[in-house]
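Student: I would like a close look at one part of this structure, set within its wider surroundings. Please give the account as one connected answer.

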Amino acid sequence: MNTSNATPYGTLPPASPVAARKPISLPRLQDMRERGEKISMLTAYDATFAAVADAAGVDCILVGDSLGMVCQGLPSTVGVSLETMRYHVESVVRGVQRVQGTTWIIGDLPFGSYHESREQALRSATVLMQAGAHMVKLEGGGWTTETVRFLVERGIPVCAHLGLTPQTVHALGGYRVQGRGDSAAKLRQDALALQDAGAAMLVLEMVPAALSAELTEALPRCHTIGIGAGKGTAGQVLVMHDMLGINLGKNPKFVRNFMTGQSSVLDAMGAYVRAVKDGSFPDNTLHAW
């Protein structure tokens with residue numbers, strides 16, 4: 001493992017979080033949470049960008065089914081297959097292993113790969129874990145709770161996802177803020193049930209900042225990761241292409257272009273990590289898409 005600040009992608013500044021970093025693990029994430037250290041997460045889909053993210057000190061890489069939109073040009077995440085996810089997880093794992101090898105890797109279970117039964121979810125999760133993922137992610141609450149419990153009981157760490165869930169965006173009526181008004185109680189109920197089922201992480205997407213902060217306090221064993229959900233969560237995640245300002249569409253208003261003022265992707269990712277850690281990203285204003 002490279003313990004200096006020199007990487008194949010450039011040299012990190014002395015204050016880089018990379019220096020002598022311990023590998024991220026579930027106990028380390030819990031320790032970070034207890035110390036009040038924010039968790040930084042970015043998506044990545046290939047070996048090179050994953051290696052840069054690892055070199056920059058990103059705590060967690062989400063190999064998201066968002067690759068369907070940013071890599072494949074699909075209109076949504078629904079068309080992404082499990083085989084495609086396996087391929088990209090393997091690519092990311094190889095990239096991370098080329099540099100520090102310390103980043104926690106999460107593989108998205110795509111639409112239709114866990115909906116039929118708990119047994120189907122186990123088979124799908126096994127594919128991604130055997131590809132090198134440390135954790136799998138699935139969307140939704142209520143019906144997913146027993147699936148989460150089933151996977152966790154079999155030694156598979158699970159990240160849940162509430163709020164705006166892209167796999168069901170059509171049922172939600174589009175890319176809208178979730179958890180306002182009467183729906184807030186249901187979101188709270190689902191979040192608590194997912195923690196009780198053993199979910200170790202929970203992505204909260206486009207959820208009001210006050211509700212996200214409340215849930216973070218209520219979920220000491222489940223690390224909340226916000227995206228468009230204010231700064232009160234235990235960590236933050238952005239789609240890599242969004243934070244580099246190179247996506248094919250219009251950036252959500254809550255995204256910051258971290259390439260601004262930076263000379264390289266490595267520097268931009270390092271700036272993102274520092275901003276998450278010191279609390280300067282995001283601000284506490286929730287913006288709709």
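**The annotated sites and their setting**

Tutor: Among the contacts in the chain with a separation of 6 or more, 64% are between residues 24 or more positions apart. The model is a predicted one. Its chain has 289 residues, of which 55% are buried, and contains 11 helices and 10 strands.

The part to examine is the set of positions that carry annotations. In an unreviewed UniProt entry, the annotation "binding site" covers D65, D108 and E139. These residues span 75 residues in sequence, yet no two of their C-alpha atoms are more than 11.1 Å apart, so they gather at one spot. 

D108 belongs to strand β5, which runs over residues 104-108. Is D108 buried or exposed? Its relative accessible area is 2%, and because buried means under 20%, D108 counts as buried. Which residues does D108 contact, apart from its neighbours within four places in sequence? They are L62, V63, G64, D65, M85, L128 and K137. One of these contacts, D65, is itself covered by the "binding site" annotation. Another, M85, has a number that falls within helix α4 (residues 82-97), and K137 has one that falls within strand β6 (135-137).

E139 is placed differently from a strand residue: it is in the loop between β6 (135-137) and α6 (145-153). With a relative accessible area of 4%, E139 is buried. T144 is found in that loop between β6 and α6 as well. The relative accessible area of T144 is 0%, and T144 is likewise buried. Beyond its neighbours within four places in sequence, T144 is in contact with L138, E139 and L194. The contact with E139 therefore links T144 to a position that the record marks as "binding site", by the rule that contact means heavy atoms within 4.5 Å.

A separate annotation in the unreviewed UniProt entry, "active site", covers E205. Where is E205 found? E205 is in strand β8, residues 201-205, and at 7% relative accessibility it counts as buried. M206 is found in the loop between β8 and α9 (209-218). M206 is buried, with a relative accessible area of 0%. The backbone of M206 has a phi near 50°, a positive value in a residue other than glycine. Most residues other than glycine have a negative phi, and most peptide bonds are trans. The second of these conventions has a counterpart elsewhere in the chain: the peptide bond from F281 to P282 is cis, with omega near -5°. P282 is located in the segment after α11.

The surroundings of these positions can now be added. The largest nonpolar core has 86 residues. Those with the most contacts inside this core are I106, M201, L202, L238 and F258. Two strands already mentioned cover some of these numbers: β5 spans residues 104-108, and β8 spans residues 201-205. Which element gives the most to the core? Helix α11 (residues 265-278) does, with 8 residues. L238 is in contact with M41, L42, T43, I227, M243, F254, V255, F258, Y272 and F281, leaving aside its neighbours within four places in sequence. Among these partners, F258 is another of the residues with the most contacts inside the core, and F281 is a partner in the cis peptide bond.

Helix α4 also takes part in a helix pair. Two packed helices are described by the angle between their axes and the distance between the axes. For helix α2 (residues 47-55) and helix α4 (residues 82-97), the angle is about 45° and the axes are 7 Å apart. The two helices are therefore oblique to each other, and their crossing is right-handed. At the interface, A47, A50, A51 and D54 of α2 meet S91, V92, G95 and V96 of α4.

Finally, M32 illustrates a relation over a long stretch of sequence. M32 is found in helix α1 (residues 26-35) and, at 0% relative accessibility, counts as buried. M32 and A234 are 202 residues apart in sequence, with 9.1 Å between their C-alpha atoms. Not counting residues up to four places away in sequence, M32 touches I24, E37, K38, I39, D59 and K277.

Key: Residues are numbered from 1 along each chain as its sequence is written. This is a predicted model: local features need pLDDT of at least 70, side-chain atom pairs count only at pLDDT 80 or more; totals for chains, interfaces and linings use all residues. Side-chain values use heavy atoms; hydrogens and water are left out. UniProt positions are given in the numbering used here, feature names are shortened, and annotations may be inferred rather than shown by experiment. Helices (H or I, at least four residues) and strands (E, at least two) are DSSP runs, numbered from the N terminus. Buried means under 20% relative accessible area, exposed over 50%, partly exposed in between (1.4 Å probe, protein chains only). A nonpolar core is a set of buried Ala, Val, Leu, Ile, Met, Phe, Trp, Tyr and Cys residues joined through side-chain atoms within 4.5 Å. Axes are lines fitted to C-alpha atoms, for helices over the stretch in contact, and angles run from 0 to 180 degrees between N-to-C directions. Angles under 35 degrees count as roughly parallel, over 145 as roughly antiparallel, 65 to 115 as roughly perpendicular and the rest as oblique. A crossing is left-handed if the near helix is turned anticlockwise from the far one by less than a right angle, and right-handed if clockwise.
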